[in-house]
Amino acid sequence: MTPHPLAPELRQVTARDLTWLIASLVLVITPHAMRAPWWLTLLTLCLYGWRLYFVLNRAPLPSRWLVLGVAAVAMLGVWLEYRTLFGRQSGILLLMLFSGLKLLETRSHRDAAVAGFLGYFLIITNFLYTQTIPIAALAGVALVVITTTLIGFSAPQRALRDNVRTAGLLLAHAAPAALVLFLLFPRVQGPLWGLPQDAYAGMTGLSDTMSPGNLASLAQSDAIAFRAEFQGSSPPPALRYWRGPVLWNFDGRTWTLGPNYLVDFTPPRGGRATYRYEVVIEPHNRHWLFALETAATLPQRARISHDGQVISNSPVRERLRYDLDSVIEPEPQAGDNEGNLRRALRVPPGFNPRATALAAQWRAESAGDEAVLARAIEFLRQGRYAYTLEPALLGSHSVDDFLFVTREGFCEHFSSAFVFLMRAAGIPSRVVTGYQGGELNPVDNIITVRQSDAHAWAEVFLGQRGWVRIDPTAAAVPGRVENGLARAVPQSAALPLMMRPQLEWLRGARDRWEAVAHKWNVWVLGYNPERQRELMSLAGIREADWRTLTAALFSFLGVMTLILLAWSLRRLARPDPVQRAWRAFCQKLAKRGVERAAHEGPRDYAVRAARAIPAARTSILRIGALYIGLRYGAQPSAGGATRLRKLVREL
Amino acid sequence: MIGGLLERHPRFANWLYGFTPPERGTVVLVHRRVYIVPARLGWIFAGVLAVLLVGSINYALSLGFALTFLLAGLGVAGMVHTARNLARIAISAGRAEPVFAGESAQFRLYLDGRGGFDRPAILTRHVASGSQLVVDIPGGGIAEAVLAAPATRRGWLALGRVMLETRFPLGLFRAWSYIEPEARCLVYPRPERSPLPPFTGEAMAGAIHAPTPGSDDFAGLRDYQSSDSPRHIAWKAAARRDKLLTKQFAGDAAAELWLDARLLPHGLSLEQILSRLAGWVLAADRAGAHYGLRLPGVEIAPGRGDAHRAGCLQALALYGVK
């Protein structure tokens with residue numbers, strides 16, 4: 001059997017092939033390189049360069065043992081860095097490394113194509129970290145380059161420009177099918193199996209504990225926590241308390257969750273105003289969802305806990321969209337049970353003696369709970385407390401140190417101290433964490449809540465009035481709630497860049513960009529089984545199951561493939577008008593018994609036909625001459641085609 | 001197994017391939033005749049897509065879905081483009097120069113793209129001999145493929161089945177088509193060297209004793225006639241005058257050489273006889289002799305020149321061939 005010249009395994013890669021392949025790999029590892037240790041990136045690039053050196057100098061490739069040695073050393077390095085080879089991050093970095101090693105044993109076009117396929121994996125693994133518009137654009141560019149590379153393997157002699165054009169054409173033809181698949185492919189809610197331990201590492205958000213400093217460090221992050229889009233008007237900043245985890249237990253330093261049992265949801269009655277809104281929350285790998293206080297309806301697949309936290313049935317591991325109603329200042333709910341109230345009074349013994357004494361003094365001098373509360377608020381307001389993101393460190397008596405020594409802190413200091421004081425004075429109270437405020441984007445009227453809006457406040461139980469929200473930070477630093485964090489802390493503080501007030505113009509650009517990004521998040525990244533059902537119901541199909549979707553999918557794809565096939569025949573099926581007229585002429589004569597022989601040229605045929613059909617002699621000869629002139633003449637006369645058609649028709 | 005089946009049942013093969021050989025005139029590869037299957041690389045690609053899809057589902061990666069589906073679309077588009085690269089090519093066979101048995105016949109195929117786009121990397125393979133080459137058809141142009149087929153037996157050598165194959169653009173699919181254009185090559189018998197027979201002929205009874213006509217005894221010049229071999233033109237002399245002259249060798253003018261099968265020893269098979277005669281024709285032609293050919297049932301009057309030589313060889317090639 002002779003070797004097959006088109007078989008990719010038998011075709012040697014050329015310098016051009018490898019250059020393109022390496023260019024596409026460099027494109028796809030660029031986003032990974034930003035997370036990888038520098039030495040691994042450098043090593044991978046060196047491996048690419050090494051391979052290029054071999055092909056440019058026509059040197060034989062290094063021995064397999066050398067390649068294996070490099071692989072072993074690099075794997076050891078990854079292990080030292082991450083202490084595992086099978087985590088998400090380490091696994092992806094190994095993939096990046098293997099792209100370089102694979103090149104070193106790439107000899108044939110088949111190996112090279114497989115290395116190109118490896119590029120697809122490198123693109124998709126990057127999506128595990130980020131799926132923004134720029135990343136999608138980069139992936140698109142990489143796809144064009146990889147496709148051009150693959151075309152180059154199939155047609156090594158072809159001009160590069162033609163290959164790029166073909167790649168563009170192929171991708172343009174692929175796009176409609178991709179869109180249909182994206183919209184109609186039956187989506188399954190993952191995951192299908194357990195994910196690596198570190199699969200959700202690095203997601204930021206509130207935690208279920210609060211100790212001095214951890215909210216302040218979260219507040220330095222510009223990352224988006226969630227976005228909310230209100231129907232009608234948005235609530236003013238002072239009303240935007242987004243309720244998150246409620247903390248009951250205090251050990252002298254750290255606040256933790258209390259008994260977290262779920263209850264049947266009873267919607268609150270009355271209230272000043274009702275808001276209806278949609279939230280798109282960024283993944284934070286926890287169960288809680290954020291709702292404007294107080295939630296009047298629950299999102300789907302979510303429950304509510306006894307202390308008013310909206311809890312999702314599964315951890316929020318991908319961007320999630322939910323609809324909610326909230327009521328501002330509803331009628332008080334019935335009282336809480338005895339056990340909870342006792343828990344809400346508990347303070348660790350032996351800590352913070354000065355604060356305990358102060359609280360006891362207020363209790364002794366006051367008539368009731370509300371009077372104690374008023375004195376506490378007054379105490380904070382008069383205390384000239386400083387609000388800062390970088391508070392001084394606190395000793396073991398954290399509340400005492402804050403209230404009487406350092407006198408500067410972030411919201412967790414204020415809420416922690418306040419709740420301690422209330423408990424010490426015998427008023428049941430608890431810490432509520434969440435977000436306060438958020439920025440209204442004037443472009444699309446969506447409120448963006450960032451990690452820097454993280455906040456902690458307090459709730460006290462006042463008999464008939466039930467649990468009442470008190471924001472000690474607002475009492476001490478009134479500007480915090482009205483104007484947001486940026487104007488409440490001193491300018492020198494470590495504010496996120498974008499929150500600095502002097503960068504107004506930059507914020508305008510960011511607002512527009514984020515409006516686009518939000519649409520992207522909702523419509524592209526947030527496209528899920530639910531959205532899919534909505535889309536199908538728009539098309540008039542209610543309760544579409546996977547069978548309906550599959551049927552719709554295949555009918556669409558079938559139609560598209562047919563269109564594509566029709567396109568592929570299009571330019572061939574239509575000969576030019578001169579040729580068409582000539583064929584019609586031949587058919588007419590054939591019917592009269594003068595068939596053109598395969599070898600017969602137009603002149604001979606016309607002469608023979610004219611002799612056979614003397615009646616039409618002149619017009620046959622004229623058609624023949626005209627056709628020869630149009631077909632083979634140096635300068636075909638204008639309008640000749642029309643004349644030819646006319647003559648043939650009249651024949 | 002399938003190959004054997006097709007060989008034993010040619011009509012089934014004809015039905016399957018969509019044509020009845022040989023095909024006269026220009027062969028157009030209509031879509032019905034283009035077959036396409038995934039190449040090995042295509043299966044690897046499909047496996048990659050499956051992994052990407054499972055990964056996208058597992059990690060709920062919206063862009064992962066988008067990438068996977070775009071690649072799937074790319075595969076489908078690649079399939080259509082691969083078929084298009086072959087479909088509607090018009091193939092016509094050119095003239096194949098006669099060869100001697102034992103040499104290889106050079107068949108010329110002209111591949112007309114018949115479209116505004118180019119069709120790169122089309123493999124043309126002669127099925128019987130395995131000779132093959134890859135051609136690129138330029139947009140709106142024609143590519144020529146020369147296929148060498150070994151000529152083993154005298155007579156007409158038909159081109160036989162030719163396979164066209166392409167994997168362009170992505171290499172994921174393999175499209176192919178079989179054609180069998182009507183093209184044939186005349187194969188002369190394998191010439192066997194042996195001493196020429198003696199001169200005969202009424203005019204020169206004594207020619208038996210004449211020197212072997214294969215010798216180079218130059219005898220003079222005469223005016224060129226169109227049937228003269230270019231080898232015998234006296235170029236130097238022609239350069240001095242303004243007309244062509246033909247060199248004449250001893251015995252030429254008068255001697256008449258009959259290459260007669262009856263002069264050969266008995267006991268030779270027909271093919272051996274034809275081989276000897278072919279060798280004689282070549283030798284006589286080289287010698288510039290005035291020769292005729294005589295076989296049972298065939299007689300070609302003496303003559304000389306390339307046309308005469310070709311006529312004699314053709315008679316030998318087709319002797320007894322229906």
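In the predicted model, helix 6 of chain B lies across strand 15 and strand 16 of chain B and runs at about 165° to strand 15 of chain B. A second helix of chain B, helix 7 (residues 306-317), packs on the sheet as well, where it touches strand 16 and strand 17 of chain B. The direction of helix 7 makes about 165° with that of strand 17 of chain B.

The sheet that carries these helices is open and consists of 3 strands of chain B in the order 15-16-17, with mixed pairing. Its edges are formed by strand 15 and strand 17 (298-303) of chain B, each of which pairs on one side only. On average, and with direction ignored, neighbouring strands of this sheet are turned by 15° against each other. The mixed character of the pairing can be followed strand by strand. Strand 15 and strand 16 (residues 291-295) of chain B run parallel and are joined by 4 bridges, and within this pair B:W258 has B:G292 of strand 16 as its bridge partner. The connection between the two strands passes from strand 15 through helix 6 (residues 270-287) of chain B to strand 16, a β-α-β crossover that is right-handed. Strand 16 and strand 17 of chain B, by contrast, pair in the antiparallel sense, over 4 bridges. Here B:L295 is matched with B:V298 of strand 17 as its bridge partner.

Side chains of strand 15 (residues 257-260) of chain B point in two opposite directions: B:L257 and B:L259 one way, B:W258 and B:D260 the other. All four of these residues are buried.

Elsewhere in chain B, B:H126 is located in strand 6 (residues 119-126). Its relative accessible area is 4%, and B:H126 therefore counts as buried, the limit being under 20%. The side chain of B:H126 makes a polar contact of 2.8 Å with the side chain of B:S129. When neighbours within four places in sequence are left aside, B:H126 is in contact with B:S131, B:L147, B:A149, B:L159, B:R161 and B:V162.

For chain B as a whole, 7 helices and 17 strands are assigned. Of its 322 residues, 51% are buried. Among contacts in chain B with a separation of 6 or more, 64% are accounted for by residues 24 or more positions apart.

In chain A, a helix pair and a sheet were examined. The axes of helix 5 (residues 109-127) and helix 6 (residues 133-154) of chain A come within 10 Å and cross at roughly 170°. As angles over 145 degrees count as roughly antiparallel, helix 5 and helix 6 of chain A are therefore roughly antiparallel to each other. On the side of helix 5 of chain A, the residues that meet helix 6 are A:H109, A:A112, A:A113, A:G116, A:F117, A:G119, A:Y120, A:I123, A:N126 and A:F127. Their counterparts in helix 6 of chain A are A:I135, A:A139, A:A142, A:L143, A:I146, A:L150 and A:F153.

The sheet of chain A is open and is formed by 4 strands in the order 5-9-10-7, with antiparallel pairing. Strand 5 (262-263) and strand 7 (288-289) of chain A stand at the edges with a single partner strand each, so one side of each is left without a neighbour in the sheet. Strand 5 of chain A pairs with strand 9 (residues 302-305) of chain A in the antiparallel sense over 2 bridges, and the bridge partner of A:L262 in strand 9 is A:S305.

Terms used:
Residues numbered from 1 in each chain as written. Chains lettered and ligands numbered in written order. Predicted model: local features only at pLDDT ≥ 70, side-chain atom pairs only at ≥ 80, totals over all residues. Heavy atoms only, no water. Buried < 20%, exposed > 50% of the residue type's maximum accessible area, 1.4 Å probe, protein only. Pairing = 2+ DSSP bridges. Right-handed = clockwise from strand over helix to strand, strands pointing away. Polar contact = N/O pair within 3.5 Å; in protein donor to acceptor, adjacent residues only side chain to side chain. Contact = heavy atoms within 4.5 Å. Axes fitted to C-alpha atoms, helices over the stretch in contact; angles between N-to-C directions. Parallel < 35°, antiparallel > 145°, perpendicular 65-115°, else oblique.
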